Number of protein chains: 2
Amino acid sequence: MRILVLGGDGYLGWPTALYLSRRGHDVGVVDSFARRQYDFEMGVDSLVPIVHLQQRVRRWKELSGLTVEPFVGDLTDAAFVTGTLGTFRPDAVVHFAEQRSAPYSMIDRQHAVYTQVNNVVGTLNLLYAIAEQDRDVHLVKLGTMGEYGTPNIDIEEGYLEITHRGRTDVLPYPKQPGSFYHLSKVHDSHNIMFACRIWGIRATDLNQGIVYGHETEETKLHPDLATRFDYDGVFGTVLNRFCVQAVTGHPLTVYGSGGQTRGMLNILDTLACIELAVEHPAERGEFRVFNQFTESFSVKQLAEQVAEVHGPGTTIENVEDPRVEKEEHYYRAAHTKLLDLGLVPHLLTDDVVRSLLEVCERHRDRVDPTAIRPTVEWRQTASRLATASGLHGRGDEVGAARS
Amino acid sequence: MRILVLGGDGYLGWPTALYLSRRGHDVGVVDSFARRQYDFEMGVDSLVPIVHLQQRVRRWKELSGLTVEPFVGDLTDAAFVTGTLGTFRPDAVVHFAEQRSAPYSMIDRQHAVYTQVNNVVGTLNLLYAIAEQDRDVHLVKLGTMGEYGTPNIDIEEGYLEITHRGRTDVLPYPKQPGSFYHLSKVHDSHNIMFACRIWGIRATDLNQGIVYGHETEETKLHPDLATRFDYDGVFGTVLNRFCVQAVTGHPLTVYGSGGQTRGMLNILDTLACIELAVEHPAERGEFRVFNQFTESFSVKQLAEQVAEVHGPGTTIENVEDPRVEKEEHYYRAAHTKLLDLGLVPHLLTDDVVRSLLEVCERHRDRVDPTAIRPTVEWRQTASRLATASGLHGRGDEVGAARS
């Protein structure tokens, strides 16, 4: 199959491109390097060094004999989207190319507007390009489990059968997202669902949990093939932060009581899920939703597991929760559709935590301890990042609607 | 009370401003004249001539002795929003200032992107300005009944109590909007609900039905105080189109079978509802939703009523539905909250239809019959409007994210 991976230079996009390439697909990667730009804005770096996309692609060719074709441009540039789809002619488009950090979207007005315009316009441009060129192209879109929030009933996969005053219908599952970033994904889901209805497009929305893990079969072949490892307060995910804190001798900082429970999955399962979705496309006109995670953990449980694996001396500190979220809540979410397609999960074992701690040990000298603390406060309208220049949001907000 | 009416130069914004002014409130109006710009783009005009905002405001002062303060600028310009709120210091903001035509949003990619960026960014800027300056300001936001779509269960006011696998929660009512415009309002609703939660803002979302009627107590005092009357295929609402078709001797064009049922209300009730909402503000942190309509009609029923009132010779023609919508469906929607606050509805009597026909007769020489036919096709990605220059969307899409 011909598969275009949007955001193919990112944490998950790059390993996905390599995985699909190795499994015999013709893969193109699209990226604007916005993610690398955020590093300049924040003054932080991936803990694991990453090389330029061009060098990654050359190294992959050298080691595997396989070609991954790079396309450099931004999805908010409609002419670029149309041109790229027309040139590559994909059977499937895997869409990771969005601003994906909740704290980043909550820095201030500019970052909220940037995130929503960037994500929503990029996806609209993509939907129009597919509808214009080939309505059989299967859009595999990365959503997030965070679209659902934490309702007091079971979370289902995208839809809910509701009986009300004696009548029944199957309706989109109600959404209660918790940041302007999560909201942008909810907006996308509604837009894509509508495009499927009016244009007969095929789409799969993968409501992904929090991904952990760093190495894949492909990325570990050579340091040049490594993917990012983010641990900072804005882009770092919780398990990465805890591991970096553990190896640098800092307490593991749990936001609030730590009862916040979230679906999670191993990076290896992300790759497998994407492949399952691509190889079993949605029907024409179908907006299909999969909940893409394998296990649920509370933040407290994660901290305890890291502390135990890392050993004596590792402490846990409860800090004030900068977010507005329930610290204790009901959480039970369905995730059977990918299992039905054949997913065999890799679980969060102590060995997995150990491998993450090893990554952190190996690059310990690259850790910037000032980058880990939470700096973005949901209740405020503007957070001052010590490291931020304040220039980025303004620039990109305008750029995002160009063309 | 000090009330700022955003979109105060438009069809409903202007009569609302006058009504609130006459009822003793201090009123400011904000407008970018985007609506007048769409007329240039489409090459059509309001059937009833309208004068400049500055002249309207002067005439109102002359006739009533009351001041309505105009602010000219665009909500997508954050500095303008911040400055205007800071200068006027409103107790309530009534927000009509969005691109409000479903067909306009479906013309092509540029118009879809423009509509979503314009509406979502304008509302985000407003939410930030309120959160920064005064979280007690009550935001009264115009939504639409079209956010709900046509589910096979009763539509409730914003929320739905759902029991699922033995547990119960009250969740946002699931939305199935039918155009990129309607989707922009759903995005707004989610963004506003979140802002209420994190910042403790007060907001009322008025999910309004289709408004009919032209004159109010205030606008009929002088021709300079008249509001717009749109009848074209892009901005004209269904009843206006039927009345113009009747007086010009054309068949009333019903899209499809005409079983599409929608909530409707008289312009006089819009004014009353806004005042009720403003005078009974939402609680701090409350995102309150009212369904603002008084009666439901199918398109077929409306055509039949106009034909009967207009008299012999008026014919009805079923044309292919350019939209993607159910032509026959269940429709029952709650609308009791405004009645509970004291709303006394003005119903769609034959006299009301007669008064609309009279408006059309009076301005019959201004009718452009080529403007009435539907030109925007939901199933296509680009509709060529005979009258459109094609320049507007591109320009404003960029403008929408400036600041």
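These are my notes on the two-chain arrangement and on one helix of chain B.

**Setup.** I'm working from a predicted model, where local features need pLDDT of at least 70 and side-chain atom pairs count only at pLDDT 80 or more, while totals for chains, interfaces and linings use all residues. Residues are numbered from 1 along each chain as its sequence is written, and chains are lettered from A and ligands numbered from 1 in the order in which they are written.

**Symmetry.** I superposed the copies by least squares on the C-alpha atoms of residues with pLDDT of at least 70 in both. A turn of 180° with a shift of 0.0 Å along the axis lays chain A on chain B at an RMSD of 0.0 Å. That is how a two-fold axis relates copies.

**Interface.** Counting contacts (C-beta atoms, placed from the backbone, within 7 Å), I get 47 residues of chain A against 48 of chain B. H6(A), residues 109-133, is among the elements supplying at least two residues to that side of chain A, and gives the most, with 12. I split the side of chain A that touches chain B into 27 nonpolar, nine polar and 11 charged residues. For chain A, 100% of the interface residues are interface residues in chain B too, so the copies meet through the same surface.

**Helix H1(B).** Next I checked residues 13-22 of chain B: nine of the 10 are buried (20 or more other C-beta atoms within 10 Å of the residue's own). Among them are B:Trp14, B:Leu18 and B:Tyr19. The cover includes strand S1, helix H3 and helix H9 of chain B. After the helix comes B:Gly24, with a positive phi near 100°.

**Terms.** Helices (H or I, at least four residues) and strands (E, at least two) are DSSP runs, numbered from the N terminus. Ala, Val, Leu, Ile, Met, Phe, Trp, Tyr, Cys and Pro count as nonpolar, Asp, Glu, Lys and Arg as charged, and the others, Gly among them, as polar.

How values were computed: Two residues are in contact if their C-beta atoms, placed from the backbone, lie within 7 Å. A residue is buried if 20 or more other C-beta atoms lie within 10 Å of its own, exposed if 12 or fewer, and partly exposed in between; C-beta atoms are placed from the backbone.
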